[in-house]
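Here is a short tour for the bench. Have the sequence and the fold open side by side, and follow along strand by strand and loop by loop.

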Amino acid sequence: MSLQDYYADLHIHIGRTEEGEAVKISAAKNLTFYNIAQEASERKGIDIVGIIDCHSPGVQREMVHYLERGDMEELDGGGIRYHHTTIILGCEIEVRDPGLGTAHLIAYLPKLSDMLQFTDWLGNYMKNVNLSSQRIYTTARELQREVIDRGGLMVPAHIFTPHKSVYGSCSTRMEHLLDLDGITAVELGLSADSVMAGYISELDRYTFLTNSDAHSLPKIGREYNKLALERPTFDELRKALNREEGRRVLANYGLNPRLGKYHRTYCSSCNHILDEQHAIATERCLYCGSTKLVNGVMDRILDIADRDEPVIPADRPPYHYQVPLEYIPGLGPKTLHRLLARFGTEMNMLHRAAYEELAEAAGETIARYLTDARSGKLRLATGGGGKYGKVEA
């Protein structure tokens, strides 16, 4: 058995079908099933993508079309192959159990036939099965059982964000919502990292995922994971998330949480972000006294933590702060085009190209930003209240 490294971004939305039918209303119109596959394979260099609106009948018709035409192929081990990229079929669903807040959960299923049957089941409990991230009118545990019984994987999405997440808006513990034994992994979200999650002990047992939650083609791969697999299939992904037979997540590549748009508490009255230099405010703004606060991820975690200090299990993979190309000052479309022409894909630029090669293609300033991003040396301004942080020039 020979394991290889694969890059995976397992949370990408579809904006519209090719016929113009809405799927994720807040996502870009050109974010179609085929365009995602093409972008990941040819430009991003990502080996595995999870498209999480594959329950939509309009999207399923497109999947059948490309399979029948021979542009894509369904793999024996699960997933659909397009050129250099495997597509994992997923579905993001909103749940709200009695007495709890809302949370988003992701179900991944092996085959198109499994997803078609799952859509039929969802239609009994969902008002509009064509759209993304819709509320299901049954319990989270019943949904979880359905996914597992179909051979699927259950992954709570962006678990700390203040809107529609397990810890951010639903409850103080995941066990209040789900059977902990039936969770395959958890997705940290753009405003958290492994250290922050280490404040909550019930997360120690789980594999962490860092995914883009992309709502446009350029944002694919802004967070991603490096996996050790024998081949890029659903079955191998399952083994990696369960840490079986040597398969595993080798590393998480995510935004520095300070770049996340919900990292720290934000006052919507005076627009101040309460960053690391200030005490945590849970009731009133320290600047203007307003109660109109959007609670930040870091502040929420510290509020519900059951530890005074974070604990990082010995088998936890490293978390690397990866600054997406769109955050790099001065890296415009023309320079990016030159870099892609030289290095082929964004993954090559971010991980494999030497400083001297980058400087030759884009100049020393851009090369320094890119190499400093790899080593976590960039200076960052903190995000909050729905506004992303930024790299300081």
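Strand β1 (residues 4-12) runs antiparallel to strand β10 (residues 224-229), and five bridges hold the pairing together in this predicted model. To find one of those bridges on screen, pick aspartate 5: its partner in β10 is alanine 228.

β1 also pairs with strand β2 (residues 48-51), this time in the parallel sense and over three bridges. Here a handy marker is alanine 8, whose bridge partner in β2 is isoleucine 48. Between these two strands the chain passes through helix α1 (residues 33-44), giving a β-α-β crossover that is right-handed.

How many of the nine residues of β1 are buried? Seven of them are, so the strand is largely enclosed by the rest of the structure. While you look along β1, a general point helps: in a regular strand, side chains alternate between the two faces of the sheet.

Now for two loop residues that share a backbone feature. Most residues other than glycine have a negative phi. Histidine 83, however, has a positive phi, near 50 degrees, and lysine 164 has a positive phi of about 60 degrees. Their surroundings are set out here.

| Residue | Phi | Loop between | Relative accessibility |
|---|---|---|---|
| Histidine 83 | near 50 degrees | β4 (80-82) and β5 (85-95) | 49% |
| Lysine 164 | about 60 degrees | β7 (153-156) and α5 (166-170) | 36% |

Are these two side by side in the table buried, partly exposed or exposed? Histidine 83 counts as partly exposed because its 49% does not pass the 50% cut-off for exposed. Lysine 164 is partly exposed as well, at 36%, since buried would call for a value under 20%.

Finally, let us turn to a pair of helices. Two packed helices are described by the angle between their axes and the distance between the axes. For helix α11 (residues 355-362) and helix α12 (residues 364-375), the axes come within 7 Å and cross at roughly 145 degrees. The crossing of α11 past α12 is right-handed.

Which residues make the contact? From α11 come Tyr355, Leu358, Ala359 and Ala362, and they meet Glu364, Ile366, Ala367, Arg368, Leu370, Thr371 and Arg374 of α12. Sorted by class, this contact contains seven nonpolar residues, one polar residue and three charged ones.

Notes:
Residues are numbered from 1 along each chain as its sequence is written. This is a predicted model: local features need pLDDT of at least 70, side-chain atom pairs count only at pLDDT 80 or more; totals for chains, interfaces and linings use all residues. Side-chain values use heavy atoms; hydrogens and water are left out. Axes are lines fitted to C-alpha atoms, for helices over the stretch in contact, and angles run from 0 to 180 degrees between N-to-C directions. Helices (H or I, at least four residues) and strands (E, at least two) are DSSP runs, numbered from the N terminus. A crossing is left-handed if the near helix is turned anticlockwise from the far one by less than a right angle, and right-handed if clockwise. Contact means heavy atoms within 4.5 Å. Ala, Val, Leu, Ile, Met, Phe, Trp, Tyr, Cys and Pro count as nonpolar, Asp, Glu, Lys and Arg as charged, and the others, Gly among them, as polar. Buried means under 20% relative accessible area, exposed over 50%, partly exposed in between (1.4 Å probe, protein chains only). Two strands pair if DSSP finds at least two bridges between them. A crossover is right-handed if, with the strands pointing away from the viewer, the path from the first strand over the helix to the second runs clockwise.
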